[in-house]
2 protein chains.
Amino acid sequence: MQTIKDVAALAGVSDRTVSRVVNGEPNISSKTRARVEEAIARLNYIPNLAARMVRTNRSGVIGLITDVVSTTPNSVEIIRGVQERVSQANQSLLIANTSGTAEGEKRVWRTFQEHRIDGVLFATMYHHEIDFDPNMHNIPAVLVNCFAARANVPAVVPDDRDGGYAAARHALDKGHTSIAFVTLNPLILASSLRREGFARAMAEAGVPIREEWIVPGISGAIGSETMQAYAAARQLLDAPAASRPTIILAGNDEIAMQCMFAAASLGLGIPNDIAIVGFDDFRMISEQVVPPLTTVALPYYQIGVRAADRLFALLAGADEQPTVERLPCPLVQRAST
Amino acid sequence: MQTIKDVAALAGVSDRTVSRVVNGEPNISSKTRARVEEAIARLNYIPNLAARMVRTNRSGVIGLITDVVSTTPNSVEIIRGVQERVSQANQSLLIANTSGTAEGEKRVWRTFQEHRIDGVLFATMYHHEIDFDPNMHNIPAVLVNCFAARANVPAVVPDDRDGGYAAARHALDKGHTSIAFVTLNPLILASSLRREGFARAMAEAGVPIREEWIVPGISGAIGSETMQAYAAARQLLDAPAASRPTIILAGNDEIAMQCMFAAASLGLGIPNDIAIVGFDDFRMISEQVVPPLTTVALPYYQIGVRAADRLFALLAGADEQPTVERLPCPLVQRAST
DNA sequence: TCTAAAAATGTCGACGTCGACAATGTGATG
DNA sequence: CATCACATTGTCGACGTCGACATTTTTAGA
């Protein structure tokens, strides 16, 4: 592999001058620059980042730790968003996942430290609170889709409350007042947040909430939950038109899909007999069900972008106050409402 | 950050001895090793990979190039499989994607070369033939979910033909003879392969193929295709019981899902009135539709594992003959058949 | 006990790059 | 034409590690 010295020899200058050209330093005569650049091109020289790093002690690498997020389809978008910014900043992205185990997490941190990464993004599959001590690893970090319990760590999360509000608001705007809510597992943070937003919108509109129409579509301990949205929806819908809901807000798109199957099994048409609103905007479902699903989009791509931005700001010493940043969840209107 | 010399000083040995301990070299007295290890632990010393690399000229980093694969949910499993092996081998994984553009691909290769990665996995979203010249970049490479047109490059792909065969075989085993096939976009390689497998199973069983029951569920130029599985399935199923198929094989799980909606819209029960077999085993769909979907699983995780294995073999100089390796697509039985 | 082989440890320098500083070239000014 | 400021280029060595080789210590056999 060619080194900076080979280039220097060919161009007839010192290696230091080549280094200056490569790094775009000022005060190079345009004639010299041209000669060096030609030599670089001719030799197909590519700088050795490792050597640079040994010298400068900055790696230009950002680490992304995921619990199992890189495994879960809906949050792959986070990675895309991060990558977008990382490559814009001419840095590289090292991805590792902990498999959700403490041992795995230890291994990952070690790898990152061996690489002397400049900063870390820590992403989780579910939006939830975690126990994260930023001082433990001594590497600038931004949390993604989660936030720190004790410490003050910058974090970027979806505004689930806002999303729940948007879903309910949409139902109300469409003139519905008989509104059911088939929720996520109540143990999940997103579940309560979305429900809060829902409740606020209902209160604002002065529409009473029918508690018996708020039922879990998923339940059980995390990690071994059961899906029961189909049964729940059937029970809600198996009633005379006058005494059943006219719209179902679903905790996520899978729940919404099961609700659609339930409606179909009862011969109810969507959206005329029963309207349905999903959550997450997981395209493979929301765009492919029949009819396509109106749903609240989780801004995963944007979350990735913002998280990367904030990390770079942190690295640049921009004194961004460490806070939890909540990104809005916009409603995507399709044919199910 | 602590260096090997700090450790050496604390342990009262030479830095070279510490290096030997760190790298597990033989011929170290257990007493010395213990002293060194204690010093390492006490100082929380972590080796500097960049420095090691400058010296040894091996980076311990594998690059994964994806076109947009890291974006697509179903093949995230590839990444998981790769990561499994990479971390087992104590290496790191650098992931980059080309966004599908030539410019992006160039950028990614440059990044990889700057990092002096040891080898590359090149993964694509769709199983298809690509134009890949292994000599161009001069880095050992294994193709994933694609294969090289001209050159002889090791590749790992799903055996779509085998999968099509498995689906048809399953239908036949269940006693069906009125078998319809709602296919992928015919322009896609997987589409023809799956269909070939289907045809072979039918021929072997001596069951004639009804050409009018083989209809595309997706069509249009790649990148701007339209989904029409729902309409296609309705047309197939909107007929008296005697003159309609008893089972539909779907080109993928999304198509299968649309077929299920079509069946429901006609008041047909699954699997009694009409059975349905999917393809891909994309869990978010296959496990959540009602009833859960019998489907042919794409072995993405295994593909990732094998690809990584072959790359390491290549790096170790094991003269694995460069061939396309096809991994089987097992049928997953659920309630839709 | 002595000797040779094997085991354990140390010394030195190079890997490719860039920071610190030195040296040279260039042009403007008086 | 001397002087000075500034632009341009070069020299040297260090970053942290490990390969090559040298030296010292231990072990085994006679």
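Which base atom of DNA strand C does a polar side-chain atom of R20(B) lie 2.5 Å from? The first legend below gives the answer, a base nitrogen. This is a predicted model, in which local features need pLDDT of at least 70 and side-chain atom pairs count only at pLDDT 80 or more, while totals for chains, interfaces and linings use all residues. Residues are numbered from 1 along each chain as its sequence is written, chains are lettered from A and ligands numbered from 1 in the order in which they are written, and side-chain values use heavy atoms, with hydrogens and water left out.

**View 1. Protein residues around DNA strand C.**
DNA strand C is surrounded by 25 residues, of which I4(A), Y45(A), T17(B), R20(B) and T32(B) come nearest; a residue counts as near if one of its heavy atoms lies within 4 Å of the strand. Of the strand C atoms that come within 4 Å of the protein, 59% belong to sugar and phosphate. A polar side-chain atom of R20(B) lies 2.5 Å from a base nitrogen, and one of R55(A) lies 2.8 Å from a base oxygen. N48(A) places a polar backbone atom 3.1 Å from a phosphate oxygen. Helix α4(A) gives the largest share of this surface, four residues; helices here are DSSP runs of H or I with at least four residues, strands are runs of E with at least two, and both are numbered from the N terminus.

**View 2. Protein residues around DNA strand D.**
Around DNA strand D there are 26 residues, the closest being T17(A), R20(A), T32(A), I4(B) and Y45(B). Sugar or phosphate makes up 57% of the strand D atoms within 4 Å of the protein, and bases make up the rest. An N or O atom in the side chain of T17(A) is 2.5 Å from a phosphate oxygen, and a polar side-chain atom of R52(B) lies 2.6 Å from a phosphate oxygen. R16(B) has a polar side-chain atom 3.0 Å from a base nitrogen. The largest share of the surface, five residues, comes from α4(B).

**View 3. The surroundings of I214(B).**
I214(B) lies in strand β7 of chain B, residues 214–216. The residue counts as buried because its relative accessibility is 13%, where buried means under 20% relative accessible area, exposed over 50% and partly exposed in between (1.4 Å probe, protein chains only). Beyond neighbours within four places in sequence, I214(B) is in contact (heavy atoms within 4.5 Å) with F181(B), T183(B), R195(B), F198(B) and I209(B).

**View 4. The surroundings of R334(B).**
R334(B) is found in the segment after β14 (331–332) of chain B. With a relative accessible area of 17%, R334(B) is buried. Its side chain makes a polar contact of 3.3 Å with the side chain of S286(B); such a contact is a pair of N or O atoms within 3.5 Å, and within protein one must be able to donate a hydrogen and the other to accept it, with residues adjacent in sequence counting only if both atoms are side-chain atoms. Residues that R334(B) touches, not counting those up to four places away in sequence, include D281(B), E287(B) and P292(B).

**View 5. Arginine side chains over aromatic rings.**
The charged end of R210(A) sits over the ring of W213(A), 3.9 Å from its centre. R200(B) lies over the face of Y165(B), at 4.4 Å from the ring centre. A charge sits over a ring if NZ of Lys or CZ of Arg is within 6 Å of the ring centre and within 35 degrees of the ring normal.
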